[in-house]
Structure formats: C-alpha cells, structure tokens
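User: I am new to this structure and would like a close look at a single part of it. Please take one buried polar contact and work outward from there.

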Amino acid sequence: MALIVQKYGGTSVANPERIKSLAARVARYKALGHQIVVVVSAMSGETNRLIALAKEIMPDPDPRELDVMVATGEQVTIGMTALALMELGIKAKSYTGSQVKILTDNSHTKARILSIDEHNIKQDLDDGYVVVVAGFQGVDADGNITTLGRGGSDTTGVALAAALKADECQIYTDVDGVYTTDPRVVPEARRLDKITFEEMLELASQGSKVLQIRSVEFAGKYKVKLRVLSSFEEEGDGTLITFEEENTMEQPVISGIAFNRDEAKITVLGVPDKPGIAYQILGPVAEANVDVDMIIQNTGADGTTDFTFTVHKNEMGKALSILRDKVQGHIGAREINGDDKIAKVSIVGVGMRSHVGIASQMFRTLAEEGINIQMISTSEIKIAVVVDEKYLELAVRVLHKAFELEAA
C-alpha cells in the first residue's frame, strides 16, 4: 500500500464529466489499497473569469480581496470531486487551504507556503477516506485567505506530498509528460521518459509551463518523487523527474528547450559607472515585490553605463513608474525605456557540463536565421537568450533541429 498525492489541473476538472472521470481513476487506485490525497485546481478558465470580474469593479484590484475571490474557484471543484467520489461509494472529505491548514506568508496573489498541518489528513486517510484538498490557496497567520500564484496547485500537491511523506506525487495535466519543447510549436517534439530535477527546475524557470517552478523546488528540497501524467489517457508512465543523472554514452547533451513570451526588457540609460549603482536601481524594484530575471550592464564609457534587466510583462509598467519616480532623478540617469516585444529562449541539459561548443552552436544556429540576440544568460546546464518576439517560434524550431532533439 502506498500513499499517493494526485494533483489535477484545470483541464482535468473542466466539467462534471471530467470530474467523474477523475473520480473513476482515483477509485481504481483506492481499490488497489492505496491511500489517496487529491489536489485540484479550479475548473478551466474559472480563475481568469473571476479575475476579469474583479477588474470590472476595480481595474487594479486590491490583492487581499482578489485572493478572497479567486480562491472560490478551487472550493467549487473540491466539493464536486468529493461528491463524485461519494457517488462511486468511496468515503471522501474535502478541505480548503485554510481548513488543512496550509500556512503561508502574507504576500497576496503570490504567497509562499510556510508549513502544513497534516494531522487531520493523516487521520482521515487512516479512517479510509480519500482526502480532497483545494490547490493554489492557503491562509496567513492573521487568518487571511492567500493564493500561491499561477500554477500554485502544483506547489500545493508537492508540499502536501512532502508533509505527508508520500511515496509519489503524480501531477495530472493535459499532456502526457515533459517534452523536449512545446509540441504546439515543434510537432516533432518528443516525450522524455525521465529528466533530472536540476533540468526540470531550469526548464520551469525558463518558461516551460508543465510544472510551476516552486513545485519543482519543493520536490527537489524534500526528495519528493514526482511524475507528470495525462489525465486524458488511461495508460502510460508519463515522465519521471529523478535525482539521478545517468552517465551513459547515449545521454543527450540538451534535454529540452523552454521559452517565455511573458518577459519585458527595461533599460536605464546613462547611469553613473560607480559602485552601488545596481543596488540603487534594483533595490526599489525589489521592495515593490517585482521579480527581476536577466541583468546586463554595459562596459562604462565617459563615466556612465547602460543597465538592462528583464521583468514579467505584467509588471513592466509598475517597474517603469518606480524607476522614473524614485530612481532616475536620484542617480542622474539620462533615460529609461521599456520593451515588451521580446521573448526568451533557453536550452537546458546536464550534458552541457561535459560538452564544449554548445553556446557557439546555439549562437551560430540563430545567426544563420538572421535572429539577433539582445541578452544572454548562462548557468552550468542552461543558456538563455532574449530575442525579438516575432522570431520566437522560428528560434525554437531551428534549435530543436540543430540539437537533434526529435531523435530518440
């Protein structure tokens, strides 16, 4: 008998038929003697609908009240899922994040989990119940409802698996595993049987939408076995995310290509080339809870330099306002520009550690297609570049072919 946490995304609970199908799958696992915790997202499109409703009332909604609204999406699906299980004769009980209790910090709309009280869930499992938990949400120390940000249900699932010391955390989604890249962009993309946590973390952080980055971080930190599966297929092993790196001759140099359309570039022109200037620019941005991704500072000339960084496209306006109101005059910058017509493309693979020439192959491939590189960022197993948004899909296709990722 195993303790398994199964997380189902929005498309897996999109309507009553899909929820009944989910319940039937859980029933099969339960019949084998396993203890099951089910984590569900809101029904497909529901969170967007609730956000749109909030914006009809207040164009820039108050974060606390927005969390109160959007958290109701998951409350509907936990109730429906528990009912579907009961209809099959299975004992089931649903919990919201606050009922569990999933304690978070108070960063509304992107809270972080601090602890989970697993006592009630363990008791219910021992009593033969399937426990259904609302993903994406928690509660802060003052009792306020919080949400974990986009894809937060993955984090809920992995965090529960860690707290319960589950044997496996299964992430059910609308794809049957992790692919070398998005099959909608490259039809030849191939499903990976397994991938290392390190590679999955890079792919998630660089824009792969299969798993939320924090869920992969959690799984790596607490050694949670993670498997990505399709909720639309009865069979299949999906993709296992593993800790071991295989040192075989067939190990591919590159495992996958991630891309992100949601980035914007901000350039601060003519700033003094002196110590502390990066902090004076990025400090106020960080204080406003705006995440910065890639950073470039040009070589100084005539005592000044240009400083460029990327943020999420939705936060470009906020970052520009902060820089123009609080930073530009203070540091004496000449000009501040924003560009949201960019995209980031990244190649990822643990094989980079033992192979040279990967960067030059990537740059040559893009150059041959006339694709200009605006920014570059590297790690031990990743190379990321920023390009003009209109060249994104072309870049992904040519790189996928150049590194022979379609070959098994």
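Analyst: The side chains of Gln206 and Lys344 are joined by a polar contact of 3.0 Å. The model is a predicted one. Gln206 makes a further polar contact through its side chain, to the side chain of Ser346, also given as 3.0 Å. Along the chain, Gln206 sits in the loop that links helix H8 (197–205) to helix H9 (213–222). Its relative accessibility is 5%, and buried means under 20%, so Gln206 counts as buried. Neighbours within four places in sequence aside, Gln206 is in contact with Ala258, Phe259, Asn260, Lys344, Ser346, Lys382 and Ala384.

Lys344 and Ser346 both belong to strand S18, and they point one way from it together with Ile342 and Val348. Ala343, Val345 and Ile347 point the other way, and the residues on both sides are buried. Strand S18 covers residues 342–348, and seven of its seven residues are buried, so the strand is largely enclosed by the rest of the structure.

Two strands pair with S18. One is strand S13 (residues 256–260), which runs antiparallel to S18 and is held to it over five bridges. In this pairing Gly256 stands opposite Val348. The other is strand S20 (residues 382–388), joined to S18 by seven bridges, again in the antiparallel sense. Here the bridge partner of Ala343 is Val387.

Val387 also leads to the packing of nonpolar residues. It is a member of a core of 24 residues, which includes Val253, Phe259 and Met362 as well. Phe259, one of the residues in contact with Gln206, thus appears in this core too. In soluble globular proteins, nonpolar side chains tend to be buried together.

The largest nonpolar core has 43 residues, and Val37, Ile121, Val133, Leu211 and Leu226 touch the most other members. Helix H7 (residues 152–164) contributes the most to this core, seven residues in number. Beyond its neighbours up to four places away in sequence, Ile121 touches Val37, Val100, Val131, Val133, Leu160 and Leu164. The core of 24 residues lies apart from this one.

Next comes the open sheet. Eight strands make it up, in the order S3-S6-S2-S1-S9-S11-S12-S10, with mixed pairing. Strand S3 (92–95) and strand S10 (194–196) are at the edges and have a single partner strand each, so one side of each has no neighbour in the sheet. From one strand to the next, the twist averages 20 degrees. S10 is joined to strand S12 (residues 239–242) by three bridges, and the two run parallel. Within that pair, Lys194 has Leu240 in S12 as its bridge partner. Helix H6 (residues 119–126) packs on the sheet and touches strand S1 (3–8), strand S2 (35–40), S3 and strand S6 (130–134). The direction of H6 makes about 130 degrees with that of S2.

A second buried polar residue can be read alongside Gln206. Ser12 is in the loop between S1 and helix H1 (16–31), and at 1% relative accessibility it counts as buried. Its side chain forms a polar contact of 2.6 Å with the side chain of Ser231. Outside its neighbours within four places in sequence, Ser12 is in contact with Arg18, Ile19, Leu22, Tyr172, Thr173 and Ser231.

Terms used
Residues are numbered from 1 along each chain as its sequence is written. This is a predicted model: local features need pLDDT of at least 70, side-chain atom pairs count only at pLDDT 80 or more; totals for chains, interfaces and linings use all residues. Side-chain values use heavy atoms; hydrogens and water are left out. A nonpolar core is a set of buried Ala, Val, Leu, Ile, Met, Phe, Trp, Tyr and Cys residues joined through side-chain atoms within 4.5 Å. Buried means under 20% relative accessible area, exposed over 50%, partly exposed in between (1.4 Å probe, protein chains only). Helices (H or I, at least four residues) and strands (E, at least two) are DSSP runs, numbered from the N terminus. Contact means heavy atoms within 4.5 Å. Two strands pair if DSSP finds at least two bridges between them. Axes are lines fitted to C-alpha atoms, for helices over the stretch in contact, and angles run from 0 to 180 degrees between N-to-C directions. A polar contact is a pair of N or O atoms within 3.5 Å; within protein, one must be able to donate a hydrogen and the other to accept it, and residues adjacent in sequence count only if both atoms are side-chain atoms.
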